[in-house]
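Please open the structure in your viewer and keep a selection tool at hand. The stops below are meant to be taken in order.

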Amino acid sequence: MNCTLALSTVRSGVHLVVSGSKSETNRLRLLQALYPYLQVENASNSDDSEVMIQALEKSKNSNSNPVFIDVHHAGTAMRFLTAFFAIQEGKEVLLTGSTRMQERPIQLLVDALIQLGAVITYENKPGFPPLRIHGQKLTRSQVTLPANVSSQYISALLLIAPTLEQGLELTLTGAITSLPYINMTLALLNAIGVRTSFEGNVVTVSPYQPKVISSQPTIVRVESDWSSASYWYSIIALSPVGTQITLSRFKPKSVQGDHILAVLYAKLSVETEFLAEDQIRLTKVALPPVAHFEAHLSDTPDLAQTLVVSCLGLGIGCSLTGLQTLKIKETDRLQALYNELTKLGATVTFTNDALTLAPTAQLHANCTIATYQDHRMAMAFAPLALRVPLVIENAEVVSKSYPEFWNDLEQLGIHFSMSEK
């Protein structure tokens, strides 16, 4: 489906309930499979989270060997399940994904698991899915991993660490990227009673023997997704002064790194107020945005697309750094941003880890924005309907993380129509 967005204005005062964080949910679903007494509330209903549930259920209930698991485009599921299936003794799993997933590297995680005693082989191209995983009891407890890799590799190891007899000592070499996602994993482990430490570049997770029985469940409530909130921040940034919306289930002390949105968008004239009952109110204020926006996003790379589009809509330039992981996401996001921003009339340059946008006075109208099967491309560009009419290709891709996105956009008064490609 293509989404044709008409030039629109925002209906102020709307209250949106954003679904739970995909990142938190997928970590908790794996922990729930390891410790069934765990109960999860306000879980994400995204495609990626549904894929995670279905994969875990299929593995649990299947009598076949190997079990065939296809995670499609779900990167977190691929990384987390690689580690999970590696510790399922006696279970053989063939783990695969979409064509794009088979182009996304996984060797560093596989090598780390093999260091711990896992038995994993590549079905096709070495270093990439599909993987054949023979579940084993992992007897080693020390492993080293480069610190500048995807945090999902690191979190995958940390999530299975409590099941190891001696726990895990993970040494990270070099500069750490995406630190908030590592801290999120440790916080969720702490929430279910697992002892952890993170000193210097060494992360330690103690072995865990749950004392809580199934009649006394541990309940963990997932916070709403700050990455999803970024699109509403962008809409407020592009709206007239005084425009407000309220979002539910967001906390001032969040384990999600993307809560830095409140600080970043303050530079783009969006004020964040934390209200009672875990609500936040976003308001476009009279202070002018910065003349040139700058941010280092190695800890929060998922915000890059939204921020650069906000700056484009505001007519200001920006310099974003720390983007080295964007090339191995659902698409090469740096190349994708360059392609679509230049369609709109922008002047853009990029390297392996940075992107620079020059101020753009006039946007080209009625451009068709390709999404590359990347949910964040669709949602990041949608706010430009406050500046020019445009078309978003493959609009249904938003279901990967935010299935209600178009419905919520409609609540704000943004006019659009869906049509077959």
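The tour goes from a sheet to the helices packed on it, and then to two single residues.

The model is predicted.

**Stop 1: the sheet.** Select strands 4, 5, 7 and 6, which in that order form an open sheet with mixed pairing. Strand 4 (67–70) and strand 6 are the edges; each has a single partner strand, so one side of each has no neighbour in the sheet. Between neighbouring strands of this sheet the average turn is 20°, direction ignored.

Now restrict the view to strands 6 and 7. The two run antiparallel and are joined by four bridges. One pair to pick out is Tyr122 and its bridge partner in strand 7, Leu131.

**Stop 2: helices on the sheet.** Add helix 3, which lies across strand 4, strand 5 (92–96), strand 6 and strand 7. Relative to strand 5, helix 3 runs at about 170°. Helix 4 also packs on the sheet, where it touches strand 6 and strand 7. The direction of helix 4 makes about 150° with that of strand 6.

**Stop 3: inside helix 4.** Select residues 107–115 and show side chains. Which residues of helix 4 are buried? They are Leu109, Val110, Ala112 and Leu113. Looking down the axis of helix 4, you find these buried residues within an arc of 160°, so they line one face of the helix. Their packing partners are helix 3 (75–86), strand 6 (119–122), strand 7 (131–134), strand 8 (142–146) and helix 5 (151–160). Just past the end of helix 4, stop at Gly117, whose phi is positive, about 115°.

**Stop 4: Thr246.** Move to strand 13 (residues 244–248), which contains Thr246. Is Thr246 buried or exposed? Its relative accessibility is 14%, so Thr246 counts as buried, the cut-off being under 20%. Leaving out neighbours within four places in sequence, select the contacts of Thr246: Val14, His15 and Leu16, together with Leu275, Gln279, Ile280 and Arg281.

**Stop 5: Lys343.** Go to helix 10 (residues 333–343), where Lys343 is found. With 37% relative accessibility, Lys343 counts as partly exposed. Display its side chain with that of Glu340: a polar contact of 2.8 Å joins the two. Not counting residues up to four places away in sequence, Lys343 touches His364, Cys367, Thr368 and Ala370. To relate this stop to an earlier part of the chain, draw a distance from the C-alpha atom of Lys343 to that of Phe80; the separation is 37 Å, with the two positions 263 residues apart along the chain.

Terms used
Residues numbered from 1 in each chain as written. Predicted model: local features only at pLDDT ≥ 70, side-chain atom pairs only at ≥ 80, totals over all residues. Heavy atoms only, no water. Buried < 20%, exposed > 50% of the residue type's maximum accessible area, 1.4 Å probe, protein only. Arc of directions from axis to C-beta. Contact = heavy atoms within 4.5 Å. Pairing = 2+ DSSP bridges. Axes fitted to C-alpha atoms, helices over the stretch in contact; angles between N-to-C directions. Polar contact = N/O pair within 3.5 Å; in protein donor to acceptor, adjacent residues only side chain to side chain.
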